[in-house]
Each structure stands twice: as C-alpha cells, then as structure tokens.
Amino acid sequence: MPIETVRRAENSTDAAAVREAIHDKLTYSVGKNQIAATERDWFLATALFVRDQMTKRWIASIDRVYEQKRKRVYYLSLEFLVGRFLFDNITNLGMTEVVREALSELNVDFDALRNVEPDAALGNGGLGRLAACFMESAATLEVPAYGYGIRYNHGLFRQTLKDGWQREYPEDWLNSRNPWEFERAEMSYSIGFGGMVELIDASTDKPRYLWRPGEAVRAVAFDTPIVGWRGEHVNTLRLWSARAADPLRLDVFNSGDYVGAQTNQARAEAISKVLYPSESTPEGQELRLRQEYFFVAASLQDLVRRHVKYGENIRTLAEQVAIQLNDTHPAIAVIELMRIFIDLHDVEWDEAWKLTQAVFGYTNHTLLPEALESWPVPLMERLLPRHMQIIYLLNEKHLDGLRASQNASDAMLSSVSLIEEHNGRRVRMGHLAFIGSHSINGVSALHSKLVEETIFADLNKAYPGRINNKTNGITFRRWLFECNPGLTHLLAQTLGPKVMDDPLTLKQLVPFADDAVFRKKFAATRKAPKLALANLIRQSLGFHVDPSALFDVQIKRIHEYKRQLLNVLETIALYEAIRAQPNRNWTPRVKIFAGKAAASYHTAKLIIKLANDVARVVNADPMMKDRLKVAFLPNYNVSLAELIIPAADLSEQISTAGMEASGTGNMKMALNGALTIGTLDGANVEIGEQVGADNIFIFGLTTAEVAARRAKGIDAQEVIANSPMLREVLDSLRGGVFSPDDPNRYHPLVDILTYHDYFMVCADFDAYFAKQREVDARWQNPDAWWKSAVLNTANMGWFSSDRTIAEYARDIWKVPVKATLSDVSYPAINGKSP
C-alpha cells in the first residue's frame, strides 16, 4: 500500500482516504480487484485496514508501558469468548461512520460484512465471555494487561439440531484467514511432559533436581491486539498453538508408514484442537491436563522472559507482575512458577513461595465440586513428575505449618490437604490455587460469601482474610452501543454524550421512568430488535412469531442447575392451561431458548430434546395461534447473543439458589431494558438491590432453604402429590404426549425429578408458575412494564466491567487505572489525579 495512503487514513476521518486505503488492502494484501472481490474479500480488506489503525496504537501502548516501567497484569484463562472483532474494533476506534461511508462509496454493504466474519471459537460460556469483557475494559482503563490462553482450531463444537437432538461438529473459524492475529514464530517455547527427575546435586542440605521430560511440544504464539474504548490504549491477547517438535518421522515415512510418521504431530497438535475434550475416558483426562499445563507453562516462560529481558531480577517479579487465574483450570501455574524459581533460577524455597503467593490472584467461578478440578495422582506423577514432587513437599510444609500454628485436628488437615485421600488419591487444584494466591475472590456478593462458608471454609479458617468479592461486569460497548444502536441513540439524546464514557451516567435516567412520552420512545427502541429476531426464527426454524408478543428468553449453557427444565415444565403447564381455557386473556408469549450441552452430558442433551419436542407440539397446535410459541435457536454464540439480548422482554435467571456464581447474561438483558425473573442467586441479588424489588420478579427457595431441604432429603413425591399442575405435567411426559415416537423417552427425567430433585425443580415449580402470571399481568399494563424497563436500564451502570476491573486493579493487582467512573476514586496513572 502506498505510504501516503496509509498516513492519510491513519489519522483521518476522511472517507475518501479510508476508501482508498481499503481498496489498496484489497489489491495488495488480498490480491483481488474490485470486480472479482467477494464479500469475504471485502471483509478481509476492511479488517486489515482496521488492524493497521490498531497496530500503531498497539506499539505505542507497549512502548509507553516499557518507558514508564509499569507493572503488568497477566490474565490466564482457558477461554476467551471474544466473538466477532470487526464491528467491535471499529466502534472502539470511533470509525464506524467513516468506514460505513467509505464502503458505501465502494458499493459494499458494511452490515453484510459483519455477518461474513466467523465467531472466534475460543470459549463456551460466561467464563470465556467475562474474560473477553475484562480484556476490553483493561485496555479502556489503560491497565497493561496480557491475556494468555489457547488458540483452539475447532473450539468447543458447532451445534446443530437433528430431529431436536443436539449434534456436535467441529468449528471451522480458522478455515479461512484470521486477519486479526499475528503469528509470532520466534515466540516459541518447549513444553515438557513425562520423563524423569534426576538428583543433580546432593552435596548440600538443599539438593537440586533436574526434570528431563520424555516428550516435548512446541508452543507458538499468536497475538491479537485488543483495543480499548476511544482507541487510546491497546493490549495483547496471546494465544498458544501446539506444534510437534519433530512434525514428521522421516525414517518411518520412508519405510512406507505414512500415517505412523505423523503420529507425533497428531499427538502434539491435539492439545490445541478443541476446547474441553470429554473427560469420560482416561485419554480425555490426560488431554485436559496436557492442555492446562501447556498454556500455563508457555505463558510463564514468556512473562519471565519479558521480565528478565528488560533488566529485572527474577526476585523482583512480584513488584512488576500480577497474574490472575481465571478459575481453577490454570492452577498448575502455582507449581510451575515454583519450579521456575527453584530449579531454573536457584531461588530458595521459602523466598520462592513468598514470591509465588505475592504474584498470584485466584478467581473462583463455581461452587460445583466437579468444576474445582482434581487430577488422579498417578496421572500427575506420570505426566508432570517434577511438579508432583513439589506438590508433595508443599503439602507437607502447608500441613506442618497448620499443625504447629493452629494445632489443627486430623479432620481439619484432611480437609485442607492438597491431596484428596478418599475414592482414589487426587490432587485438589482448587486448594492449590487457594494456598498459592494472596487473593481469592468470588464473582458476586452471595457467591463470595458461599465460597467462604462452603467449599473453602476450612482453608479460610487456616488463612483468613484472603477471600474477597469482585462482582462481575460486562462491557457496555459491545452489549449496549453495538448490539442496540436504537436504545443507545435514545440514551445519548436524552442524557448527553457523557453516557458513552461513564456508565454511571445512566442513573440520571431514573426520573424519565415517570415520563410517559419517554417511556413510549424507550418501548419503540425494542421493535427493531424484536423484528430482527422474529425474522431469524422464521429463517432458521421455519415458523412465524409475533414481534409484539412478550419475548421470554433463556440463553445459557444447558445444565441442570441452570434449570432450563423448570422453564420447559412451566411451558407445558401454560400450554395445557391455554388449551383448557382458550377464551382467557392470555399474554402472547414467545419462549426462546439457546445454549449448548457438553457433549458427554446426556441429561442436558435430553433437556434440549424435550424443549424441541415441546416446541414441535405447541407450534403445530392451531389453538395456540400467537398465544404461545417455543423456539430453540441452535449454535448459541456471541453473535447470536448480540441479536437476542436487545430483543428480550423477560430475562430468565432461574438457577437453583446458591449454585450460580454470578451470571452476566442477567446484566446484559437488564441493561437493555429486559425485566428479570429469577431466584435469589448470583448477581440477581445485586441486580435486585440496584433496580428495586418492584422491578424484578423474584421467586423460589433461598440458598438457606435449599440447603435445609437437601438435608431432609430430595425425594419430591410429596411435593408432586400436593401440586396437581406439576403432577399433570409429569404425567404427560411419562405418558409420551410429547414423544409419541418413543413414549419412554422422558422417563429418566421424570424419575430424576420425582426421586432425586437435587436442583429443586419440583420444589420451586408452583412459585415459578405463579410468578410468571405476575409477569403476564405486568405486561398487560404497558405503563407499568416500561417504567420498570427504564428503571432496569437506569440502574445498571454499576455492572460495567470497567468498574470490576478498576476494583481488581486497586485491591488485588495494585496497578493504577485511567479513572472513568464518576463517583469512585481510583489511583491514577503516574500519580495524576483523575
């Protein structure tokens, strides 16, 4: 591209310069002329132009951090659910209109290009989406942050529905060129597995050991710039791709075994093929552990290299580096850093342990025991023998210290040990993350309290003061400005341009909830998103829904504790009630589901099939007309969420109380004016406090009541006997009403609900059905509904991920931020006041 074109486009809002720059990218980087160019070619040309605008800022940001010798934050996460980048990057650079105009002059539809870009298949659910929001907010607040993860070739899976059953296929997002990333072939590290540990110096009372791995895999870096709001700072997302050290056994190939010659390559590259391979086999468990160690080891080698390269002593690492573990997956980093200190840099044990604890913070995202992760000791000893040695020694010192300082009982020591001795010896990775970190945080007020009282109760007694709360947040740039331009325009028109920079400005919207004219304008912004979603349902599923109906939305990973099953049972009950009393003034409602079930989670997959069977029956019933429709949209991802969320009227957040850590879908829909129906779980509690009890529909057992019921037993036969409606619904499932081709299909679900109602679906059913009828009544009073909707949006400013990141920076990482929140004081960059 001619240099004068680059210079004109870099700092210009001149559409002509941008048009010329994009055209040059098409010619010189894509290799097409305008006549032959496809939409994909134009997407690449536009993306490469946008990447150029980011790259200059990116390099300047890196240089500035080095010059100021600022402390860096490293965010280790197995998932980064970033979605599509094109529109997000253009928005944050402030170039939306000029790019749109430039493309229009080239006869290219900007909005069509948005749909050409595939979603990056780098995550699954809330964990990965939170990491993506955090990376964007860190850049916005000018926190020098690196995200570290894995560059998955095929993601979790692409979900399709065949006869209502989930089918899994590989994601193909990398089949075509990814224009946002830079391959760093020179940033390649050797990652070892297996082998043996050798004692190399036993002449002193501090013997030295050398790990000689039996296998090596190369980790190759791919960097993606992450631009903050207004484009003032750009951070790095560095993802690792696994490569074989020797991709081809030439001797084997020449012997005629062409497939066998590539065995090493296939084994190595499997590490970065898919997210969350099934753990139902020993091979699957080993692959999961290999993935976790692979990205952790590469990331630590990389950040230590960076620290030492710029003249820092390894012993100053904690002064210049903060590492955040996003859930338990990267917990092996604690041991890997100890190995680096002790084996590679001759740091003595006690000093190494103090440095390690000072560097790490650990975010817990779940109370589910299976998600805390534990690995069989034999697997760890075989795959990571030196790490197992360090774990044994660390555990000994950890337990001896508690025995000496607290006179801990055997029961207490067993509870806090890094090694689980029951049902086979296993390494407790959550415990490891806890003792190896100076800060352990939950992600909502309720969740943090439960972390302290349940899963880490004894560890909290042993090491008090480490647990704190950092309620999750969302980036308003993607989840309001980009996905809901109509509402954004109304907010900016009403509150002024400051609302685009300071989320707390939304609070000034509260008085407008009583303004009838404003309420009508607010309601009008919902029409276009609902029409777009109705069109998608018609195109994808083949039936019409009424855009004026109440859109009742539950979009999230399919899991029993998230209770999509409760929603489906209420749908059946409502269907039967409408059929029994067709002349009642029913609120027209569209039930919208989306979400993936883990490939080996058979109960969750059966719930998906049930939702689709119910949809088939309800949607085909001529009596329903537009009173009730049910839609399950396949392959839920960020882009689908961006379409659904602005169209949602009712947000389903109905998890079993005490089991959802936070949730962020609840925040996204409430920000866009949806009303929430939910339990007192996760961030629902704080949303209720912010928006007011009159503007949220809370039902069901509390966390304490759930615990009390479980203590008495989880057989639900009495509950079912006392609820004629629930009994009728379950009878219809057992009788095959929704599965005439296989009348026994849902017997397993009915048996679970009847005899093992662990997730309190039956216990909460009547309360949920009754609360839904309150929703109906509110919807039929438009003034009341839209007043509540306005108040939801007005009170969601606190849930910005900018606020969350500022809290992490202030309390855990000890780094300054660029203050953007109007009523909170944060340490400023270079000591300057905000």
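K591 counts as buried, at 0% relative accessibility, where buried means under 20% relative accessible area, exposed over 50% and partly exposed in between (1.4 Å probe, protein chains only). The side chain of K591 meets that of E570 in a salt bridge, 2.7 Å from N to O; a salt bridge is a side-chain nitrogen of Lys or Arg within 4 Å of a carboxyl oxygen of Asp or Glu. This pair links distant parts of the chain, with K591 in strand β18 (residues 589-594) and E570 in helix α24, 21 residues apart. E570 is buried as well, with a relative accessible area of 0%.

**Basis of the model**

This is a predicted model, in which local features need pLDDT of at least 70 and side-chain atom pairs count only at pLDDT 80 or more, while totals for chains, interfaces and linings use all residues. Residues are numbered from 1 along each chain as its sequence is written, and side-chain values use heavy atoms, with hydrogens and water left out.

The average pLDDT of the chain is 94, and 97% of the residues score at least 70; pLDDT is the predictor's confidence in each residue, from 0 to 100. Two stretches stay under 50. One is residues 1-11, for which the model has 21 contacts beyond four places in sequence, a contact being heavy atoms within 4.5 Å. The other is residues 822-834, with 29 contacts beyond four places in sequence. Where pLDDT is low, the predicted coordinates should not be read in detail.

**The chain as a whole**

The chain contains 35 helices and 22 strands; helices (H or I, at least four residues) and strands (E, at least two) are DSSP runs, numbered from the N terminus. Its radius of gyration is 27 Å, close to the 28 Å that the globule rule gives for 834 residues, so the chain is as compact as a globular protein of that length. The radius is taken over C-alpha atoms, and the rule is 2.2 Å times the number of residues to the power 0.38. Along the principal axes, the C-alpha atoms fill a box of roughly 90 × 75 × 70 Å.

Of the 834 residues, 60% are buried. Among contacts with a separation of 6 or more, 76% are between residues 24 or more positions apart. The accessible surface comes to about 31600 Å², and carbon and sulfur atoms account for 51% of it; accessible areas come from the Shrake-Rupley method with a 1.4 Å probe, and for residues only the protein chains shown count as cover.

**Salt bridges**

Side chains of opposite charge can pair when their charged atoms come close. The structure holds 64 salt bridges, and three of them are set out below.

| Pair | Closest N to O |
|---|---|
| K591 and E570 | 2.7 Å |
| R563 and D764 | 2.9 Å |
| E168 and K605 | 2.9 Å |

R563 and D764 form a salt bridge. R563 lies in the loop between β17 (550-555) and α24 (564-580) and D764 in helix α33 (residues 761-779), so the pair ties together parts that are 201 residues apart in sequence. R563 is buried, with a relative accessible area of 0%, and D764 counts as buried at 2%.

E168 and K605 also meet in a salt bridge. They link strand β4 (residues 165-169), which holds E168, to helix α25 (residues 602-620), which holds K605, across 437 residues. E168 is partly exposed, with a relative accessible area of 29%, whereas K605 is buried, with 15%.

K591 and E570 belong to a network of salt bridges that also includes D552, R589, E652, R773 and D776.

**Selected local features**

R579 is placed in helix α24 and is partly exposed, with a relative accessible area of 39%. Leaving aside neighbours within four places in sequence, R579 is in contact with D621, M623 and M624. The C-alpha atoms of R579 and M623 are 7.1 Å apart, although 44 residues separate the two in sequence.

In helix α5 (residues 96-105), T96, V98, V99, A102 and L103 are buried. The cover over these residues includes α2 (15-30), α3 (39-68), α4 (86-93) and α6 (110-116). Just after α5, N107 takes a positive phi of about 60 degrees.

On the surface, L248, L250, F253 and Y258 make a nonpolar patch of about 380 Å². Patches are made of residues with over 30% relative accessible area and no salt bridge, with like charges joined within 9 Å and nonpolar side chains (Val, Leu, Ile, Met, Phe, Trp, Tyr) within 5 Å. F253 is found in helix α8 (residues 250-254) and counts as partly exposed at 31% relative accessibility.
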